[in-house]
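Subject: The structure I promised you

Hi,

Here is the structure we talked about. Have a look at it first, and then read on for what turned up in it.

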Amino acid sequence: MPHDHSDHEQPHALLPSDPALRVKALETILTEKGLIDPAALEDIIDTYENRIGPRNGARVVAKAWLDDGFRAALLEDATPVVADLGYYGRQGEHMVAVENTADVHNMVVCTLCSCYPWPLLGIPPGWYKSDAYRARAVREPRKVLADFGVTLPNETAVRVWDSTAEVRYLVIPQRPAGTEGMDEEALMALVSRDAMIGTALARQP
Ligand code: FE
């Protein structure tokens, strides 16, 4: 077992301090006992590292910006539209897309726990699960937005959507000015995870 400075600072740490080492040890034992299949495990890890993540949601947003028909279908019933792109599965069974406009800014929270559209946005950020965000998003959404650096015009209403085990939301941010002529890939780069939760705006090109 390698020794480093943390061992001196934490003399009680007899186990590896790095959680990754503990996970590896556990994986080895479970594999040796025949309780897990390493190939299946790799597939799960690959899914969450590479295939699921905010790029999926960003692709949906870029398509909505580029294609009015796609956008209309998405707003009408998002679940089959995103499933057609291959974005479905756990925590994304019932998707609702909500569109930001000059009149309304949408923002998503789960006041009960941490419900989140995994197939489109991956694993939720730590702050999304925090007590502070869950309480304040509903009580003082404009202040929360200000904490994220977002200031909206007074005439823009803020609508907060509470996720549930049944329904997950995707915010379609407003398309920034000066993006005419940009293709899907270029537009995707302007769409951050937070913009699709509603705690950020799309980036300016
Ligand atoms: Fe939840």
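Let's begin with a small puzzle: in which helix does Trp-65 lie? The answer is helix α4. Before we follow that thread, please keep in mind that this is a predicted model.

**The big picture**

The chain has 11 helices and four strands. Of its 205 residues, 36% count as buried. If you take the contacts with a separation of 6 or more, 66% of them come from residues 24 or more positions apart.

**Helix α4 and the core**

Back to Trp-65, then. Is it buried or exposed? Trp-65 counts as buried, because its relative accessibility is 11% and the cut-off for buried is under 20%. Leaving aside neighbours within four places in sequence, Trp-65 is in contact with Ile-172, Pro-173, Gln-174, Arg-175, Pro-176, Leu-187, Val-191 and Ala-202. Another residue to find is Glu-184: it sits 119 residues from Trp-65 along the chain, yet their C-alpha atoms are separated by 8.8 Å.

Trp-65 has buried company in α4, including Asn-56, Gly-57, Val-60, Val-61 and Ala-64. Some of those are three or four places apart, and here is a handy rule to keep in mind: an α-helix has 3.6 residues a turn, so residues three or four places apart point the same way. You can also check the length of α4 yourself: its 13 residues should span 18 Å at 1.5 Å a residue, and its end C-alpha atoms are indeed 18 Å apart.

Now for the largest nonpolar core, which has 42 residues. The ones that touch the most other members are Val-60, Leu-74, Leu-120, Tyr-133, Leu-170 and Ile-172. Helix α4, residues 54-66, gives the most to this core, with six residues.

**Strand β4**

Ile-172 is worth a closer look. Not counting neighbours within four places in sequence, its contacts include Val-61, Ala-64 and Trp-65, along with Leu-74, Ala-97 and Val-98.

How many of the five residues of strand β4 are buried? Five of the five are, so β4 (residues 168-172) is largely enclosed by the rest of the structure. Both of its faces are covered, with Arg-168, Leu-170 and Ile-172 on one side and Tyr-169 and Val-171 on the other. Strand β1 (residues 95-99) runs parallel to β4, and five bridges join the two. To spot one of these in the viewer, find Ala-97, whose bridge partner in β4 is Leu-170.

**The iron site**

Which residues coordinate the iron ion? They are Cys-110, Cys-113, Ser-114 and Cys-115, at 2.1 to 2.7 Å. Look at the atoms too: Cys-110 and Cys-113 each use SG, Ser-114 uses N, and Cys-115 uses both N and SG. Along the chain, these donors follow the spacing C-x2-C-S-C. Two of the cysteines sit in contrasting surroundings: Cys-110 is buried, with a relative accessible area of 1%, whereas Cys-113 is partly exposed at 37%.

**The aromatic rings**

The structure holds seven aromatic pairs. One of them is Trp-127 with Phe-148, an edge-to-face pair at 4.7 Å centre to centre with 65 degrees between the planes. The two rings come from distant parts of the chain, 21 residues apart: Trp-127 is in the loop between α7 and α8, and Phe-148 is in the loop between α9 and β3. Trp-127 counts as partly exposed, at 23% relative accessibility, and so does Phe-148, at 30%. Ring pairs also link both of them with Tyr-116, Tyr-128 and Tyr-133 into a cluster.

**The segment after α11**

Two residues in this segment are Thr-199 and Ala-200. Thr-199 is buried, with a relative accessible area of 1%. Its contacts beyond four places in sequence include Trp-127, Tyr-133 and Phe-148, which you just met in the ring cluster. Ala-200 is buried as well, at 15%, and it touches His-105, Val-150, Ser-192, Asp-194 and Ala-195 when residues up to four places away are left out. The C-alpha atoms of Ala-200 and Phe-148 are separated by 6.8 Å, although the two are 52 residues apart along the chain.

Have fun turning it around on your screen!

Cheers

Notes: Residues are numbered from 1 along each chain as its sequence is written. This is a predicted model: local features need pLDDT of at least 70, side-chain atom pairs count only at pLDDT 80 or more; totals for chains, interfaces and linings use all residues. Side-chain values use heavy atoms; hydrogens and water are left out. Donors are N, O and S atoms within 2.8 Å of the metal (3.2 Å for Na, K and Ca); water is not among the atoms, so sites may look incomplete. Buried means under 20% relative accessible area, exposed over 50%, partly exposed in between (1.4 Å probe, protein chains only). A nonpolar core is a set of buried Ala, Val, Leu, Ile, Met, Phe, Trp, Tyr and Cys residues joined through side-chain atoms within 4.5 Å. Contact means heavy atoms within 4.5 Å. Rings of Phe, Tyr and Trp (its six-membered ring) pair if their centres lie within 6.5 Å; planes under 30 degrees apart count as stacked, over 60 as edge-to-face and the rest as tilted. The expected span of a helix is 1.5 Å times one less than its number of residues. Two strands pair if DSSP finds at least two bridges between them.
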